[in-house]
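Q: Please take a close look at the strand pairings in this structure and at the turns between them. After that, go through the charged contacts and the surface.

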Amino acid sequence: MKKKLALVAGVSVLALTGCAIETTTSTSVEPPDPAIEALEALKGDLKLTGTATWTREYPNPCYSLNNNTYINDDEIVFVSEGYHAIHERRILEEEDPVVDEETAYLMDNGLAGTPYVTIANEVALESIKDGAGETIPFAGRYDNPFLNLTINDLTKGEDGTYALPADFGLLFAHRAYGENLAGTATLTLGEDGSFVTLKGSVAATEDFMSTGVYTTVNVTVDFEYTIVAASDQDLPTPQPLENANAELEAILAKAKDGFVFSNLIDGEVVQSTYFDGEHALYQMLAPGAPMEMMMDMYLTPNAEGTMDLYWYMTLDEETFEWLPNDPATFEMYYEKVTYAELIGGFADLSASVFVKAEGQENVYVPEDAALKHIGEIIPGIYDALNLTSYDDFRLSSTAMTLTVVDDTTIDIHIESTYGTEAVSTVTADFRFHSIGDGTLPYTPVIETGTEA
């Protein structure tokens with residue numbers, strides 16, 4: 001019995017001893033790298049300000065006189081809805097800088113857009129295009145270059161610096177300058193735990209053509225920018241224009257009641273279209289004639305809300321009559337359009353998009369913000385009739401003057417330059433007259449015998 005009790009007691013002691021033993025392991029936890037949070041902050045709206053020193057050196061000694069170095073004072077803004085960059089370039093301290101400015105907005109379709117003022121004095125966006133005439137996506141050209149970086153992409157150095165990956169230099173140069181330059185860049189962590197400085201150097205060897213001969217030029221850009229959070233004011237917001245042109249406004253206010261649109265050659269009317277607010281009469285051979293003439297065209301509304309075309313022609317070389325357009329016979333007006341498409345934007349033209357031309361009485365020029373699209377005032381009658389296309393011409397204006405002749409007559413001279421590989425510069429003169437009274441010179445009677 002005693003031995004048995006002793007055994008039980010021994011087991012009990014071991015069990016109790018085992019329950020009483022506690023094992024503790026001490027571990028040390030390193031504080032999180034402040035760069036993690038700082039990098040995430042860079043992915044928000046930010047503004048970079050500082051300098052970029054551009055150096056161009058020609059390896060060919062024949063071009064060495066063209067070597068130059070200049071400094072850009074830069075401000076570059078990356079925000080979720082847009083991009084804005086100002087580069088003030090100066091070669092010598094005492095010289096006035098040459099200012100290059102670029103603004104791009106993120107459009108609803110994902111493309112990059114630039115603002116303009118419409119002929120109705122409203123702010124709109126048009127797609128930015130490259131040298132080949134192709135539209136540019138906002139992402140990949142104007143968005144924040146830090147967006148896709150992770151903490152693993154950064155290499156920690158001394159004194160609070162972090163080296164960025166090798167491909168960041170090329171990415172940043174493309175975003176900030178629109179240039180394909182590669183190199184290195186580092187971020188500096190400030191005492192407040194945020195990245196406060198971006199510093200780097202990017203370079204490339206580019207082709208340069210002079211008098212038909214190619215040579216090379218070495219381009220290097222050394223930059224250092226201070227980084228701060230962007231504010232709402234850093235991305236400019238385009239506004240409608242506020243010019244007060246009472247005389248011009250009084251004339252344009254009558255345009256919705258009708259007008260006559262004429263082509264001018266050496267100041268003489270060569271063809272005209274009458275718009276009475278509902279119908280249109282195009283007179284090619286005898287503008288203003290009070291009777292039907294061959295090749296007159298008449299457009300009248302139909303039940304579908306578009307316009308039916310009749311033209312004054314003959315099928316038997318003897319009897320002229322108003323013939324309905326037949327697309328199977330004539331490749332003309334095979335897609336019917338509305339009256340609004342025929343008259344273009346003249347009836348919506350705002351006097352506020354113009355300023356008075358300096359030193360010229362009764363002459364106006366469009367503001368720069370409205371200039372490129374000012375040609376939208378030209379009626380679409382010729383495009384609709386497949387006669388002469390003004391589509392490119394309308395949207396590529398480079399110069400325009402508007403002259404008030406009298407209280408119902410306006411003359412315009414317009415120049416447009418358009419095209420990519422083959423560039424065309426075209427000038428034209430037009431007259432808008434009888435503004436407020438587009439009464440047709442005669443009332444066409446179609447072949448059914450009833451007045452149209």
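A: In this predicted model, strand E4 (residues 98-106) pairs with strand E5 (residues 112-117) in the antiparallel sense, over two bridges. Leu106 of E4 faces Ala112 of E5 across this pairing. The two strands form a hairpin with five residues between them, and Gly110 has a positive phi near 90° there. E4 is also joined to strand E3 (residues 82-90), by eight bridges and again in antiparallel fashion. In that pairing Ala85 stands opposite Glu102 of E4.

Hairpins also flank strand E16 (residues 307-314). E15 (297-301) and E16 run antiparallel and share five bridges, with Leu299 opposite Leu309 of E16. Five residues lie between these two strands, and Gly305 in the turn has a positive phi of about 90°. E16 is joined in turn to strand E17 (residues 320-324), antiparallel and over five bridges; here Met313 stands opposite Glu321 of E17. This hairpin has five residues between its strands, with Glu317 taking a positive phi near 65°.

The burial of E16 can be followed face by face. In a regular strand, side chains alternate between the two faces of the sheet. On one side of E16 are Met307, Leu309, Trp311 and Met313, on the other Asp308, Tyr310, Tyr312 and Thr314, and all of these are buried. Because eight of its eight residues are buried, E16 is largely enclosed by the rest of the structure.

Next come the charged contacts. Side chains of opposite charge can pair when their charged atoms come close. The count of salt bridges comes to twelve. One of them joins Asp234 and Lys47, at 3.2 Å from N to O. Asp234 lies in the loop between strand E11 (213-229) and helix H4 (246-252), and Lys47 in strand E1 (residues 46-57), so this pair ties together parts that are 187 residues apart in sequence. Asp234 is buried, because its relative accessible area is 11%, under the 20% limit. Lys47 counts as buried too, at 17%.

Another salt bridge links Arg394 and Asp383, whose closest N and O atoms are 2.6 Å apart. Arg394 is in helix H8 (residues 391-394) and Asp383 in helix H7 (residues 381-384), eleven residues apart. Arg394 is buried, at 9% relative accessibility. Asp383, Asp391 and Arg394 are linked in a network of salt bridges.

Arg431 and Asp411 also form a salt bridge, with closest N and O atoms 2.7 Å apart. The pair connects strand E22 (Arg431) with strand E21 (Asp411) across 20 residues of sequence. Asp411 is buried, with a relative accessible area of 18%. Gly419 is in the loop between E21 (409-418) and E22 (424-433). At 48% relative accessibility, Gly419 counts as partly exposed. From C-alpha to C-alpha, Gly419 and Gln233 are 35 Å apart in space, and they are 186 residues apart in sequence.

At the surface, Glu247, Glu361, Asp406 and Asp407 form a negative patch. Asp406 belongs to strand E20 (residues 397-406) and is partly exposed, at 35% relative accessibility. A nonpolar patch of about 270 Å² is made by Leu285, Met294 and Phe320. Leu285 lies in the loop between strand E14 (280-283) and strand E15.

Technical notes
Residues are numbered from 1 along each chain as its sequence is written. This is a predicted model: local features need pLDDT of at least 70, side-chain atom pairs count only at pLDDT 80 or more; totals for chains, interfaces and linings use all residues. Side-chain values use heavy atoms; hydrogens and water are left out. Patches are made of residues with over 30% relative accessible area and no salt bridge: like charges are joined within 9 Å, nonpolar side chains (Val, Leu, Ile, Met, Phe, Trp, Tyr) within 5 Å. Accessible areas come from the Shrake-Rupley method with a 1.4 Å probe; for residues, only the protein chains shown count as cover. A salt bridge is a side-chain nitrogen of Lys or Arg within 4 Å of a carboxyl oxygen of Asp or Glu. Helices (H or I, at least four residues) and strands (E, at least two) are DSSP runs, numbered from the N terminus. Lys and Arg count as positive and Asp and Glu as negative; His and the chain ends are not counted. The place of a charge is taken as NZ of Lys, CZ of Arg, CG of Asp or CD of Glu. Buried means under 20% relative accessible area, exposed over 50%, partly exposed in between (1.4 Å probe, protein chains only). Two strands pair if DSSP finds at least two bridges between them.
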